[in-house]
Amino acid sequence: MESLSCLVLKPSPPTRLFFPPRIPQMALPGSTFVFPFSMDYQLPITTAKLALKPIRASTSAVPTTPSTTSTVTSSPTAASTKKVLVPIGFGTEEMEAVILVDVLRRAGAEVTVASVEPQLEVQASGGTKLVADTRISTCSDRVFDLVALPGGMPGSAQLRDCEILKKITSKQAEEKRLYGGISTAPAVTLLPWGLLKRKRTTCHPAFFDRLPTFWAVKSNIQVSGELTTSQGPGTSFLFALALVEQLFGESVAREIGELLFMHPADDKPRKEEFNKVDWAVSHTPRVLVPVANGSEEIEIVTIVDILRRAKVDVVVASVEKSVKILASQGVKIIADKLIGDAAGSIYDLIILPGGVAGTERLQKSRILKKLLKEQDAAGRILGAVCSSPTVLHKHGLLKENKVTAHPSAITELSNPVDGPKVVIDGKLITSMGLATVSDFALAIVSKFFGHARARSVAEGLVFEYPRS
């Protein structure tokens, strides 16, 4: 029987931390994702802005392996040799883990998601259930170009207490190969392992006082030799792109950033609202997120994580025969229930994630089609991101509503709005998807609870959000 050297615990359900307001923001320099890796450097505290550029999507209806059709192909030989380890444990922050995996796979890296728990299924800090590719014990003799640790509590403590992972990461540092951590991981995991010595480091603002004072840096991204650190879920895309550049170079990082709709020179408005109506309800808002094989994992996890942080009751329902789905970049997610079991409840909002293959499968679900039509007939709210507004269009639910969508899908829509990352028209909300879904989810929080709640959630994410 396979032996495990990690500390095995029976933890209580993961809890979310409430964090103080983030530190002030500054504008990003004019250059796009140019990181001078020959020296210690930091990016000023900021949030990358977004840009439109189509992503090449898989035509397969049910992916059986991580999609490669949307990866960068400029350096196939290098891409095939870059191996990355992303460990996860009970209470790992799902946005940080999934964004890391998704972005690195898009760049062409071979990413292994390894569980430090006895089982492959791991419940993340916000309640999302992820399934690792393997157990950490199978990785002990492998050589990785990068070991990247997501944060989250108690996830970072679970990683810290895993002896196998400690040995892998310590060897990584000793042999001058890349390693890094985000959010709580630098202070809770890497620091006790002695892997921050003489390294300038950043982490989540709530854990900043744990870092050695002289070496602590208040920045979104900090690169110090082979070590890269970052602040939180809201800086996960910048963290992942910094790692992509170190593995593959500046041009690949820039291309991936554009594919994800990230660009610091972009001045597109955060959101635009038409036909304003009140969304407030007298009860805890209840939201349904249907998912399928091929749905975009960044969108699923980010929307669910942010809404749950705001105390929204979110149900993730699979339209497949199983609750386990394989998302577009190969991340395995376990839904809360099947769509048939979810159909008996009433939801204040139904949100469709994107992903070309996933969108096609959502469209074919008869149960979901019935739910969407009932939602519209009852005057309740509908939401869609990336390519999924086409589902609403094909079901005759968009009518004359103004919408936005992924550039590859927006030409199919009759009343698109060019410019905003998020468009709200009455009781319909849409976005371009991918890196814009944080703004999408926070716009929903603002509509349900008000701007103050949305800003509070954004501060915990370390995500730049308007004061008014």
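These exercises work through selected features of a predicted model.

**Exercise 1. Helix α14**

Find how far apart the end C-alpha atoms of helix α14 are, and decide what the burial of its residues says about its surroundings.

Solution.
- Step 1. Helix α14 covers residues 437–449, which makes 13 residues.
- Step 2. The expected span is 1.5 Å times one less than the number of residues. For α14 that comes to 18 Å.
- Step 3. The end C-alpha atoms of α14 are 18 Å apart, so the span agrees with expectation.
- Step 4. Now turn to burial. A residue counts as buried under 20% relative accessible area. In α14, 12 of the 13 residues are buried, so the helix is largely enclosed by the rest of the structure. Among them are the charged-type residues D439 and K447, along with F440, L442, I444 and F448.
- Step 5. Look past the end of the helix. G450 follows α14, and its phi is positive, near 105 degrees.

**Exercise 2. Aromatic rings**

Classify the pair formed by F214 and W215, then locate the ring cluster and the charges over ring faces.

Solution.
- Step 1. The whole structure holds 3 aromatic pairs. One aromatic pair is F214 and W215, with 5.1 Å centre to centre and 90 degrees between the planes.
- Step 2. Planes over 60 degrees apart count as edge-to-face. The F214 and W215 pair is therefore edge-to-face, given its 90 degrees.
- Step 3. Check the setting of F214. Its relative accessible area is 60%, so F214 is exposed.
- Step 4. Ring pairs also link W279, F448 and F449 into a cluster.
- Step 5. Add the charges. R453 lies over the face of F449, at 4.0 Å from the ring centre. K402 lies over the face of F274, at 5.4 Å from the ring centre.

**Exercise 3. Salt bridges**

For the salt bridges K83 with E110, R254 with E250, and D305 with R309, say which elements hold the partners.

Solution.
- Step 1. A search of the whole structure gives 21 salt bridges. In one of them, the side chains of K83 and E110 meet at 3.0 Å, N to O.
- Step 2. K83 belongs to strand β2 (residues 83–88) and E110 to strand β3 (residues 110–115), so this pair ties together parts 27 residues apart in sequence.
- Step 3. K83 is partly exposed, at 27% relative accessibility. E110 is partly exposed too, at 35%. A network of salt bridges links K83, E110 and R142.
- Step 4. R254 and E250 meet at 2.3 Å, N to O. Both lie in helix α7 (residues 250–259), 4 residues apart, about one turn of the helix. R254 is partly exposed at 26%, and E250 is partly exposed at 30%.
- Step 5. D305 and R309 form a salt bridge with their closest N and O atoms 3.1 Å apart. Both lie in helix α8 (residues 297–309), again 4 residues apart. D305 and R309 are buried.

**Exercise 4. Strand β10**

Work out which strands pair with β10, in which sense, and whether its faces are covered or open.

Solution.
- Step 1. β8 (residues 178–182) pairs with β10 in the parallel sense over 4 bridges. Y179 has L227 as its bridge partner.
- Step 2. β9 (residues 221–224) runs antiparallel to β10, joined by 4 bridges. Q222 has T229 as its bridge partner.
- Step 3. β9 and β10 form a hairpin with 2 residues between them. In the turn, G225 has a positive phi of about 65 degrees.
- Step 4. Both faces of β10 are covered. L227 and T229 are buried on one side, T228 and S230 on the other.

Note on methods
Residues are numbered from 1 along each chain as its sequence is written. This is a predicted model: local features need pLDDT of at least 70, side-chain atom pairs count only at pLDDT 80 or more; totals for chains, interfaces and linings use all residues. Side-chain values use heavy atoms; hydrogens and water are left out. Rings of Phe, Tyr and Trp (its six-membered ring) pair if their centres lie within 6.5 Å; planes under 30 degrees apart count as stacked, over 60 as edge-to-face and the rest as tilted. Buried means under 20% relative accessible area, exposed over 50%, partly exposed in between (1.4 Å probe, protein chains only). A charge sits over a ring if NZ of Lys or CZ of Arg is within 6 Å of the ring centre and within 35 degrees of the ring normal. A salt bridge is a side-chain nitrogen of Lys or Arg within 4 Å of a carboxyl oxygen of Asp or Glu. Two strands pair if DSSP finds at least two bridges between them.
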